[in-house]
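Student: I should like a close look at a single part of this model, namely its nonpolar core, together with the architecture and contacts that surround it. Please take one residue of that core as the point of departure.

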Amino acid sequence: MSKSTEASDFVDQQEEYKYGFFSDIESDVAPPGLNEDIVRLISSKKEEPEWMLEWRLEAFRAWEQMNARDGEPRWAQVKFPPIDYQAISYYAAPKDKKTLESLDEVDPELLATFDKLGISLNEQKRLSGVAVDAVFDSVSVATTFKGALADVGVIFCSFSEALREHPDLVRKYLGTVVPVRDNFYATLNSAVFSDGSFCYIPAGVRCPMELSTYFRINAANTGQFERTLIVAEEGAHVSYLEGCTAPMRDENQLHAAVVELVAMPGANIKYSTVQNWYPGDKDGKGGIYNFVTKRGKCMDNAKISWTQVETGSAITWKYPSVVLQGDNSVGEFYSVAVTNNMQQADTGTKMVHLGKNTKSTIISKGISAGKAQQSYRGLVQISPKAENARNYSQCDSLLLGDKCGAHTFPYIDVRNASAQVEHEASTSKIGEDQLFYCRQRGLSEEDAVSMIVNGFCKEVFKELPMEFAVEAQALLGISLEGAVG
Amino acid sequence: MASQSTAERYKAAFEAQRGELAGNGLPWLASMRDDGIARFGDLGFPGKKNEDWKYTNVSSIAGTEFALPDVAVAAARRAVIAAAVAALPVAKREQREQSEPSEKAAKAEPVLVFVDGRFAADLCVDAAIDGVRVESLAALLGQGDGAVEKAFGQCLDVGSHGFAALNAAFAADGAVVIISKGTTAERTVHVMHYVTAGAASISPMAPTVSHARNIVVAEAGSRARVVEHYGGDLAATGLTNVVTELIIADDAHLSHAVVQSAPAGASHIHRVEARLARGSNLQSHVVTLGAELSRTEVRVVLDGEGAECTLDGLYALADDQHADHHTVIDHAAPHTNSRELYKGVIDDDARGVFTGRIIVRPDSQHISADQANRNLLLADGAVAEARPQLEIYADDVKCSHGCTVGRLNEESMFYMRQRGVGETEARRLLTVAFAGEVLEELGDEELAQALRKQLGRKLQKNPAEQQAEDAS
């Protein structure tokens, strides 16, 4: 018995939240509340074209209807008090908002914040060859490696910038994957999204570097509503990395992001996430509400791959999905989710097979500890026209401690007889025999647990780009320190 | 909320009928019935927004004004029903016995027959088994029987949906099987529910509704097997809304089967609820072949340490049949095990839905639960929807579920064709073999054999089509 309690402590990375600090930069914050004026304010602050404002207003009206009719969705296996959407401020921008030419012009305090996060832009720029578009609160303050990307025609910039510089491209693709009225939080996002990233890979171009963005939530009480749009034209390849940390705050912060991926024929998009937002303290006080809509659309022969490592947030509500619209398209979902203490996560994926010979793979690994509750919720849908569709799903849960829960709710919906669909799920704790085997061979209990947990997650980690794989392993590693003995 | 009219309609029907329902004078039953109709008023029929009924649309049932079955019909159709009873696999066994009549009676298996939900004493096959009471619920309620009072409604969760609530309000007849302490019943108890299409000479052929309640009480240390058969007139279109309660005491073993071959136009809603005490064992089997719209729920609460259950199911669907199987296994006590296998064979434009939920309660440690759902799609219009679910709140568990949907293995087909077996025949052989795994688990070869035949007939397409296929 003692073993399982010791083991339960091992995912304690949230206990001493490494990234819990609050940098003191004056914010330009809109008054709390949500109405048409706020939507107009956001749009005008960002100097957006008229059609964008109309789009936002349409979304806002749809959201008002949804809110009045059903309120926020309650079907997920998570519990939280009702959110007062009028108490949230929907816009915050670092005050000093002039166009920056180089990193030297960036507020030193802001740079220091990034240093604490271990993502010094200077370091990144000089050493790693990764272009970083850092979103600090809601406005991008620095973008690097633009030149190198521009040479091959890749557009990688903040969403606001994209609206100014490439309005036609944005207009063409925005909302084509996640429509305005898609769901409660996506609609809210469509109305008030503040900023995000835009990425466009022209036809036949293989993006010369991995693209990454760090999202931060900073000023208290400002919900962050990111909008990301990635378009890979015919035959283009891109790998996109997203990672996040947030400062320690007591009040719950709402984060409702939307990510849209468009993979044109033969394109390949790989989207990786390490999510390590503040999960709240041991008693479940504070922490981020992470209600995200992520979806990709695959045309003929295209491929979209989602990889995620989810360790943070008080509540996660996230289902990165792929619509396999074109023939021979491929969708993948690899996920490791860790919940501890009072964290709740309801996460999974949707694979919607519309085209012929479409394939999808789902590998989901959940680790639940403390009093956390975690659910896998997924949909595999084979439409009547999707001849020879193929799906393989595997969802495994590891339980550490006797107070946590792990749940699995897959939906399998097959309407074509030529489909081959397989789903497997298992739930168990670390086997006494596995531990015994390792101990017998001279490994400490801590090392044994670490080894078993890493092995459990290996299938997903190996899908991560190099830097992220290291970060993800470290994340599990940190939590193992001092867990035993 | 039910639309005002539906709730009011059923409320009015309840008020009109309650005086005639068996056991009307019993105060404990009256309060249960009041509760049932009140709950139905709140719940109504499950709608599309009800996640548990997401794939099954019961608006056809909600929209129909069902008539009450006419008692006279049973008498008028006596010969037909008697033939159906004689055709049950159990009856055949008797005929084959070449022994003396007295011995024959000793080996015969009792069959309780209900027509349109009412006990038909004259159609039953009487065969006493020592230590087993086999009676009609209406009769026992009339006598104010203590054992029934204790068992009635013990397992049923009235508030779970409108059909359960309606059954609580209206149920007045059904089979009661009580296996007394320590008894091992060597012979199977059969229950036959027959639904008629009315009799033209007596009343117009309006769809009728019945709400039967079957109760099986397996007392401590007993062993028994109970098989429920559902069938009826080909033209019947009514609704059968049955609840079966299985109360299984310490160390008792019960094998329970539901064989549903309801008429092609009928609707069949069946809920089996079981509560298992310490060390007991339930083997549940569900075979669904009939009905246009059916929903079969098996809910098992493993309430005592060491309790075990096995749930097997087979659904073979064709034309535009819709069958929904919904199982819940609730591991409410530590050291409980469960195993579940549901298989579906879906042809034409039929639709098979499976939801299997395994719940492990907090502190229910040392649990093993294994669930599998396998679906075979035989035609392009066939649809399989599966939702295997695990809800685990304890850590020392080994739980798994697996689910597959696909068509017949092409290599197996090729092997058969290569050896000169026609495509239709190969398909039939492979499909029956696929289904066979579940039928073998029945533990009753005679019944399995009869079902295999029935399945084979169901898979047979019409001769012209078959010839065309073989020629191609």
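Tutor: Two residues are taken to be in contact if their C-beta atoms, placed from the backbone, lie within 7 Å. The model is a predicted one, and on that criterion Val113(B), with its neighbours within four places in sequence left aside, is in contact with Val85(B), Ala120(B), Leu123(B), Cys124(B), Met192(B) and Tyr194(B).

Val113(B) belongs to the largest nonpolar core, which has 261 residues. It is listed among the residues with the most contacts inside that core, together with Val177(B), Ile248(B) and Leu276(B) from chain B and Ala232(A), Val238(A) and Ala263(A) from chain A. Helix 10 of chain B, residues 162–170, gives the largest share of the core, 7 residues. Because domain 1 (4–304) and domain 2 (411–472) of chain B both contribute residues, the core lies between them.

The contact between these two domains can be described separately. Here 11 residues of domain 1 of chain B meet 10 residues of domain 2 of chain B. On the side of domain 1 that touches domain 2, helix 6 (89–96), strand 10 (253–260) and strand 12 (281–288) of chain B each supply at least two residues. Strand 10 of chain B gives the most to that side, with 3 residues. By class, the residues on this side of domain 1 are 6 nonpolar, 4 polar and 1 charged.

The setting is chain B as a whole, which contains 14 helices and 20 strands. Its radius of gyration is 22 Å, close to the 23 Å that the globule rule gives for 472 residues, so chain B is as compact as a globular protein of that length. The C-alpha trace of chain B spans about 70 × 65 × 60 Å along its principal axes. Of the 472 residues in chain B, 52% are buried. Among the contacts in chain B with a separation of 6 or more, 82% are between residues 24 or more positions apart.

Since the core's listed residues come from both chains, the contact between the chains also deserves attention. There, 31 residues of chain B are in contact with 31 residues of chain A. Strand 19 (383–392) and strand 20 (397–406) of chain B each supply at least two residues to the side of chain B that touches chain A. That side of chain B has 16 nonpolar, 6 polar and 9 charged residues. Strand 20 of chain B also pairs across the chains: 8 bridges join it to strand 24 of chain A, residues 420–429, and the two strands run antiparallel. In this pairing, Ala425(A) has His401(B) as its bridge partner.

Within chain A, strand 18 (residues 344–347) offers a further detail of strand packing. In a regular strand the side chains alternate between the two faces of the sheet. In strand 18 of chain A, Gln344(A) and Asp346(A) point one way, Ala345(A) and Thr347(A) point the other way, and all are buried. Strand 18 of chain A is joined by 4 bridges to strand 15 (residues 315–318) of chain A, which runs parallel to it, and Ile315(A) stands opposite Gln344(A). Another 4 bridges join strand 18 to strand 21 (residues 373–382) of chain A, again in parallel, where Ala345(A) stands opposite Gln374(A).

Note on methods. Residues are numbered from 1 along each chain as its sequence is written. Chains are lettered from A and ligands numbered from 1 in the order in which they are written. This is a predicted model: local features need pLDDT of at least 70, side-chain atom pairs count only at pLDDT 80 or more; totals for chains, interfaces and linings use all residues. Ala, Val, Leu, Ile, Met, Phe, Trp, Tyr, Cys and Pro count as nonpolar, Asp, Glu, Lys and Arg as charged, and the others, Gly among them, as polar. Two strands pair if DSSP finds at least two bridges between them. A nonpolar core is a set of buried Ala, Val, Leu, Ile, Met, Phe, Trp, Tyr and Cys residues joined through C-beta atoms within 7 Å. A residue is buried if 20 or more other C-beta atoms lie within 10 Å of its own, exposed if 12 or fewer, and partly exposed in between; C-beta atoms are placed from the backbone. Domain bounds come from an automatic or database domain assignment. The radius of gyration is taken over C-alpha atoms; the globule rule is 2.2 Å times the number of residues to the power 0.38.
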